[in-house]
Amino acid sequence: MGTATSTMAAKLAFFPPNPPSYTVVTDESTGKMRISAEMMRHRRDEEIEVVKIMTRRGNEIVGMYIKHPTAKLTVLYSHGNATDIGQMFIIYNELSHHLNVNLMGYDYSGYGRSSGKPSEQETYADIEAAYNWLRETCGTKDERIILYGQSVGSGPSLELASRLPRLRALVLHSPFLSGLRVMYHVKHSFWFDIFKNIEKIQLVDCPVLVIHQYQKQQGQTPAILRRSCSFGTHDPQRPTFHIARRSSFHVDRHPTFIVNRSTSLEID
């Protein structure tokens, strides 16, 4: 039963757009890769770098690095389960512009124009590859990296954050407790569960911001926020903040929320 439940949770976790929302073309004269032409009108060509990165599990993922001329920080964004970097481009662009940050978005294996098939372990290898690219190619230090995980992206973001104590901050946007807990109300973790976020949050040392929807029926904050606070509030170097909304939160429509919290987290 455990294997069947785990398989079901994995299938519910990934819905890559089909067909992908973008294409990648290579300029024959310069060798530079570009995304679909209709997106490029939003930023100058030199501000966007499209890359293909090999993961340790043998897949080639597509990444999009948006440069900001005055940026001191870089956001590594792990998107939700039913989108790709083509659909996310406008949000990436708005975040970079409003927050004065560089932004690295990437597609999981099996998403967009990335090769392979999506799985929990693949997403961990995917974000690690994107992180290594920032470190090795751009020279970005951990102290200047903010991990942003939305929905299923909270899984790889938490996995990476749990191993990197010097990160500037972690943002969890609509995170879930674990794959199994999305389907069932269980109090304990099982070996066959996937994305055990509720267990990994206690291993995160950097400041944490949780963005979630207001839970009217339960009248309390999400369990992942309570677990985060229980392990974090005693340490002034690792504060935990949250934003509760009574309706779905659209970060592209409310950029000032992140700006205000960024100030609180002292990440300017």
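The following questions and answers concern a predicted model of a protein.

Reader: Is His 79 buried or exposed, and at what relative accessibility?
Author: His 79 is found in the loop between strand E5 (74-78) and helix H3 (85-99), and its contacts include Tyr 92, Tyr 108, Tyr 111 and Val 152. Because buried means under 20% relative accessible area, His 79 counts as buried, with a relative accessibility of 0%.

Reader: Which residue offers the backbone oxygen that the side chain of His 79 reaches?
Author: Among the residues that His 79 touches are Tyr 106 and Asp 107. The side chain of His 79 comes to 3.5 Å from a backbone oxygen, and the residue that carries this oxygen is Tyr 106.

Reader: How many residues apart in sequence are the parts that Glu 122 and Arg 57 tie together?
Author: The side chains of Glu 122 and Arg 57 meet in a salt bridge, with N to O at 3.2 Å. Glu 122 lies in helix H4 (residues 120-137), whereas Arg 57 lies in the loop between strand E3 (48-54) and strand E4 (60-66), so the parts tied together are apart in sequence by 65 residues.

Reader: Which residue forms a salt bridge with Glu 128 at 3.6 Å between the closest N and O atoms?
Author: Side chains of opposite charge can pair when their charged atoms come close. Glu 128 is buried at a relative accessible area of 19%, and a network of salt bridges links Glu 128 with residues including Arg 56 and Glu 159. The residue whose closest N and O atoms are 3.6 Å apart from those of Glu 128 is Arg 163.

Terms used: Residues numbered from 1 in each chain as written. Predicted model: local features only at pLDDT ≥ 70, side-chain atom pairs only at ≥ 80, totals over all residues. Heavy atoms only, no water. Helix = DSSP H or I, 4+ residues; strand = E, 2+ residues; numbered from the N terminus. Buried < 20%, exposed > 50% of the residue type's maximum accessible area, 1.4 Å probe, protein only. Polar contact = N/O pair within 3.5 Å; in protein donor to acceptor, adjacent residues only side chain to side chain. Contact = heavy atoms within 4.5 Å. Salt bridge = Lys/Arg side-chain N within 4 Å of Asp/Glu carboxyl O. Lists of a residue's contacts leave out its neighbours within four places in sequence.
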